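Open the model in your viewer and keep the selection panel at hand. Each stop below says what to select and what is there.

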Amino acid sequence: MKAFALGRVIPLVEVSVADSAKQSFQGHDVTTSELPLRDACSRPLRDLRISVTDRCNFRCIYCMPKEVFGKDYAFLPRHELLSFEEIERVARVFVGLGVEKIRLTGGEPLLRKDLEHLVARLATLRTLRDADVDLTLTTNGSLLSREAQALRNAGMKRITVSLDAIDETVFQRMNGVGFSALVVQQGIDAALRAGFAPVKVNMVVKRGVNDSQILPIATHFRGTGVEVRFIEFMDVGTSNGWNTESVVPSSEIVRIIDARFPLIPTGRHKPSDTSVRLRYADGLGSIGVISSVSQPFCGDCTRLRLSADGQLFTCLFASHGLDIRMPMRTGDSDDVLCRLVAGLWRQRADRYSEQRGQMNAVCSSQKVEMSFIGG
Ligand code: SAM
Ligand code: SF4
Ligand code: SF4
């Protein structure tokens, strides 16, 4: 059952949200004829990424460098995190507005206790087209051997595991805490055994640190059914010391792999997919490349992000979010939440990656961290 009635105009009611949000979003009703919602650039709202924690047991150099995220770093206190009930409620509102895909992320999502209980709740959601919500999760894999079966049993079908190197020395340098690549590989094997399909691997490539691992990772997973997605190192947040020299463009990644294992481009599955796919000419599977820096894809970006403390971010590079926790905790109805989300999405005009050159100077000191809103 949908959280709010479709096929009618949602009534205007007095809402108890912050004044600024009130002024921005009051008076925006939602009718079925405009679903899925479209933003100011006509992009539909289709994907919700939910961060369930801002904490992580890794300190990847491109995401949570240990010099910044040290032992005194102030993570969110427990009471500030959305409860599973609150997350489910927000997710229902979003699905009622046209969202078809939900990705759980973090921080490290498997650090959140009893995550499978949340998965079980979200797995029951039905889209406006009366299909199952496409529910997935991105994890660093460190706890996956233990958790894979419970997540699968709870109704999650797909999973993405981040793994930036096969070589132990390189991987341990990338993750900043000396964690073993072998343990992550065991987590991937556990996911395959538990019946996840597909299992994908994310590899962020940073020049001079793990670019030597492009071919070893491709070789390792070729023919296993696991698709590796090679991701250009992005200038998310303000703490990872990003510069253009440390980005290995996807074209270079493809050249390296193609020289050893010829590839045939097959494009994007859906326009909103982040990765462009290529299949091995000999039939032993496929890879994906995510070219957020060299070939931005903002024009098809249908993603909205919910932070662990209940803020909505319309772009990975946003400087601030819209608080949806407060209206929930002060008793506002689903209709009010729906109008808030709708108002936010309608105004959205973000296309940071396409404007990177011009905008960097303006945004560099304000961007939210990747570990806060998930990838
Ligand atoms: N901790 C989980 C993990 O690492 O899979 C989930 C959260 S993590 C923020 C989500 C994804 O974002 C990971 O695949 C990670 O490699 C990617 N990521 C983080 N920082 C990045 C950056 N600066 N550029 C590109 N990808 C990044
Ligand atoms: Fe943690 Fe994932 Fe960020 Fe690495 S990429 S520090 S595993 S949140
Ligand atoms: Fe979407 Fe923002 Fe990334 Fe562009 S920069 S693809 S709008 S999240």
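**Stop 1: ligand 1**

Select ligand 1 and the residues around it. In this predicted model, the shell around ligand 1 holds eight nonpolar, 10 polar and two charged residues. That is 20 residues surrounding the ligand. Show the closest ones as sticks: Tyr-62, Gly-107, Ser-162, Asn-202 and Met-234.

Now look for nitrogen atoms on ligand 1. Which residues place N or O atoms by them? Start with Met-234: one of its backbone N or O atoms lies 2.9 Å from a nitrogen atom of the ligand. Next, pick Glu-108, where a polar side-chain atom lies 3.3 Å from a ligand 1 nitrogen. Then pick Asn-240, with an N or O atom in its side chain 3.3 Å from a nitrogen of ligand 1.

How much of ligand 1 does the protein bury? Switch on a surface. Taken alone, ligand 1 exposes 540 Å², and the protein buries 95% of that. Colour E3, E5 and E6 as well: these are the elements that give two or more residues to the shell around ligand 1.

**Stop 2: ligand 2**

Select ligand 2. Around it are Cys-56, Phe-58, Cys-60, Tyr-62, Cys-63, Met-64, Gly-107 and Asn-140. By class, this shell has six nonpolar residues, two polar and no charged. Keep Tyr-62 and Gly-107 in view: both are listed around ligand 2 and among the closest residues to ligand 1.

**Stop 3: ligand 3**

Move to ligand 3. Which residues surround ligand 3? Select Phe-297, Cys-298, Cys-301, Arg-303, Arg-305, Cys-315, Leu-316, Phe-317, Arg-348, Asp-350, Tyr-352 and Ser-353. Strand E10 (303-306) and helix H11 (352-363) are the elements giving two or more residues to this shell. The shell around ligand 3 has seven nonpolar, one polar and four charged residues.

**Stop 4: the sheet**

Hide the ligands and show the cartoon. An open sheet of 12 strands appears, with mixed pairing. Trace its order: E7-E8-E9-E6-E5-E4-E3-E2-E1-E10-E11-E12. Why is one side of E7 and of E12 left without a neighbour in the sheet? Strand E7 (263-267) and strand E12 (322-323) stand at the edges with a single partner strand each, so one side of each has no neighbour there.

Zoom in on strand E3 (residues 134-139) and strand E4 (residues 159-162). They run parallel and are joined by two bridges. Pick Thr-138 and look across: Thr-160 in E4 stands opposite.

Add helix H8 (residues 250-260), which packs on the sheet. H8 touches strand E5 (199-205), strand E6 (227-232), E7, strand E8 (276-280) and strand E9 (286-290). The direction of H8 makes about 160 degrees with that of E9.

**Stop 5: backbone details in loops**

Go to the loop between helix H1 (19-25) and strand E1 (47-51), where Pro-36 lies. A cis peptide bond joins Leu-35 and Pro-36, with omega about -5 degrees.

Jump to Pro-198, in the loop between helix H6 (181-194) and E5. The bond from Ala-197 to Pro-198 is cis too, with omega near 0 degrees.

Last, select Asp-114, in the loop between strand E2 (101-105) and helix H3 (115-122). Asp-114 is not a glycine, yet its phi is positive, about 55 degrees.

Notes. Residues are numbered from 1 along each chain as its sequence is written. Chains are lettered from A and ligands numbered from 1 in the order in which they are written. This is a predicted model: local features need pLDDT of at least 70, side-chain atom pairs count only at pLDDT 80 or more; totals for chains, interfaces and linings use all residues. Side-chain values use heavy atoms; hydrogens and water are left out. Two strands pair if DSSP finds at least two bridges between them. Helices (H or I, at least four residues) and strands (E, at least two) are DSSP runs, numbered from the N terminus. Contact means heavy atoms within 4.5 Å. Axes are lines fitted to C-alpha atoms, for helices over the stretch in contact, and angles run from 0 to 180 degrees between N-to-C directions. A residue is near a molecule or strand if one of its heavy atoms lies within 4 Å of it. A polar contact is a pair of N or O atoms within 3.5 Å; within protein, one must be able to donate a hydrogen and the other to accept it, and residues adjacent in sequence count only if both atoms are side-chain atoms. Accessible areas come from the Shrake-Rupley method with a 1.4 Å probe; for residues, only the protein chains shown count as cover. Ala, Val, Leu, Ile, Met, Phe, Trp, Tyr, Cys and Pro count as nonpolar, Asp, Glu, Lys and Arg as charged, and the others, Gly among them, as polar.
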